[in-house]
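Reader: Hello! I am new to this structure and would like a close look at a single part of it. Could you walk me through chain B, taking your time over how confident the model is and what the chain touches?

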Amino acid sequence: MNCDTARQQLVLFLYAELSFEEEELLEQHLDACAGCRAERARLDKMGALLDAAEPEVPAGLLARCRRDLASALVQERRRQSPAALLRGFWSKWVVSPPLWMRPVGAVAMLAIGFFGARFVPAHSPALAQMGVPQDPPPVISKVRLVNPDSTGQVRVQYDEVRQRELRGHLDDDRIRRLLLAAAADPADPGLRVDSIDILKNQTSDNEVRRALLNALRADTNSGVRLKALDALRPYASDPETRQVLAQVLLTDDNPGVRTQAIDLLVQSKEPDVVGVLQQLLRQEDNSYVRSRSQKALNDMKASVGTF
Amino acid sequence: MDEAALIRAAQAGDQDAFERLVRDYDQSVLRLAMNLLRSPEDAHDVYQEAFLRVFRNLPNFRFDCNFNTWLYRIVTNLCLDHLRKKKVRKTESAVVETEDGPLDRLDAVAEERASSDPQRALLSTEIRGRIQEVLAGMTARERMVFEMRHFHGMRLRAIGESLGTTEEAAKNCLFRATQKMRSALGEFV
């Protein structure tokens, strides 16, 4: 093996992409050639320089990506639901059918009307009710199925959505359940904030506390997360709450949330917070959050210089 | 549950299984996108789009290749699109607005490194600049192969599969990219 071939193969050698035989030949050459050994050392050093220049993923980016993906997936699942498929079918074939379908559709409608009228008895109750005021229609209805049969009738299956109102105190289980559902409604952050604001008086309830912790950990809206943080204030010394607070402090992409998390964590002066704050200082790039973290460590007479 | 079972469960609509699949791969996907695009916002966009595509197309995944290869094919295609668009948008500013005021992306990257690793802190701005220049000067494919092999430890065969090319072509890309880097960093090594 000559030096030209050896130097070409050095790159693949360093990336362990040579076959066993090729490696053997190259190593024999390296043993005998000081110039190629020096080139290998230079390539090693270049590798180390490149490793040190690799960009770090900024703190909070992964958490933001995960939250945004969770929210995009909710939308995607809704889009793919059977109702959405039916809506697509309805819109494509009934509301705005292709041009070639339109004359066919018109003739079919005429035929249905004509034969339908022939089969309806003159004293049909359906005709008797015409012009008589009916019950008010449902607030929203979603058509799930339309199925014409051979008699000219059409079977329509639909969902009714009616607005209902419920009044009651927070100790009413139905009210509490509705508030918990509203606190997790992905479509409306304002509703989530309002629901959490009401639920914060019920934090002694484990289910409510878990919902607040979930909102703090995973809600896509920082306003909702801040509200959940505020609601969890009385539980700043609870181990599970502290665990979530520490996680939020190190991964949340909103500096306001991170600042509030520091305040809550240092509130009860538990020693476990020192390590979390020191870790935060190692990765935090927001100057204000850094200064709050340093101040908290100073107040606790803990070292900021061990990281 | 092994990966194949996880994929089948996700194909059947199991949301937890899909989330576990995402969690298994999302850190390396984000790191690859961050390495290739050097922009948190672009990396975020690629992350979202890649996993949404996985979600939409998972029912059609027939185990013809590794899930890993399939996923990286999606990610690398998205990154290639971004890199090509960036080449077109040559006038794009590196300065972005942040809550602490205007910030140069390259400075931000340097500062993050300096704060977390003494070895990174020692790396001079000049060397960083030189590395950036070489990476920017590589063709999109050379850069992909180089990043995937050097920073992600992927085998050339898998890289070739992800990029829809042969192992030999990937090997040539790696060789050319390393030569470019070697020439540019000559005085520092």
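**A close look at chain B**

Author: Happy to! Let us begin where caution is needed: over residues 103-115 of chain B the pLDDT stays under 50, and for this stretch the model has 22 contacts beyond four places in sequence. Please keep in mind throughout that this is a predicted model. A second stretch of chain B, residues 91-95, also stays under 50 in pLDDT, and there the model has 7 contacts beyond four places in sequence. Among the elements of chain B, helix α5 (residues 105-116) has the lowest confidence, with a mean of 41, while helix α3 (residues 40-57) has the highest, at 94. For chain B as a whole, the average pLDDT is 82, and 80% of the residues score at least 70. The model itself scores ipTM 0.77 and pTM 0.50.

Now for the layout. Chain B contains 10 helices and 2 strands, and along the sequence they come in the pattern α-α-α-α-β-β-α-α-α-α-α-α. Among contacts in chain B with a separation of 6 or more, 56% are between residues 24 or more positions apart. Of the chain's 189 residues, 31% count as buried.

Next, the inside. The largest nonpolar core has 52 residues, and the ones that touch the most other members are B:A33, B:V46, B:Y47, B:V75, B:C79 and B:V145. Helix α2 (residues 15-37) of chain B gives the most to this core, namely 11 residues. There is also a second, separate core of 31 residues, which includes A:L212, A:L213, A:V224 and A:V273. As general background, nonpolar side chains tend to be buried together in soluble globular proteins.

Let us stay with two residues of the largest core. Once its neighbours within four places in sequence are left aside, B:V75 is in contact with B:V29, B:L32, B:A33, B:V46 and B:A50. B:V145, for its part, is one of the buried residues of helix α8 in chain B. This helix, covering residues 140-150, is mostly covered, with 9 of its 11 residues buried. The buried set also takes in charged names you might like to find on screen, including B:E142, B:R143, B:E147 and B:R149.

For a contrast, turn to B:T165, which sits in the loop between α9 (156-162) and α10 of chain B. B:T165 is partly exposed because 15 other C-beta atoms lie within 10 Å, while a buried residue would need 20 or more. Neighbours within four places in sequence aside, B:T165 is in contact with B:G160 and B:A170.

Finally, the partner chain. In the model, 40 residues of chain B are in contact with 32 residues of chain A. On the side of chain B that touches chain A, at least two residues each come from α2, α3, α5, α6 (118-122), α7 (125-137), α8 and α10 (167-184). The residues on that side divide into 20 nonpolar, 8 polar and 12 charged. Two elements on that list are worth recalling together: α5 is where confidence in chain B is lowest, and α3 is where it is highest.

Definitions and conventions. Residues are numbered from 1 along each chain as its sequence is written. Chains are lettered from A and ligands numbered from 1 in the order in which they are written. A nonpolar core is a set of buried Ala, Val, Leu, Ile, Met, Phe, Trp, Tyr and Cys residues joined through C-beta atoms within 7 Å. A residue is buried if 20 or more other C-beta atoms lie within 10 Å of its own, exposed if 12 or fewer, and partly exposed in between; C-beta atoms are placed from the backbone. Helices (H or I, at least four residues) and strands (E, at least two) are DSSP runs, numbered from the N terminus. Two residues are in contact if their C-beta atoms, placed from the backbone, lie within 7 Å. pLDDT is the predictor's confidence in each residue, from 0 to 100.
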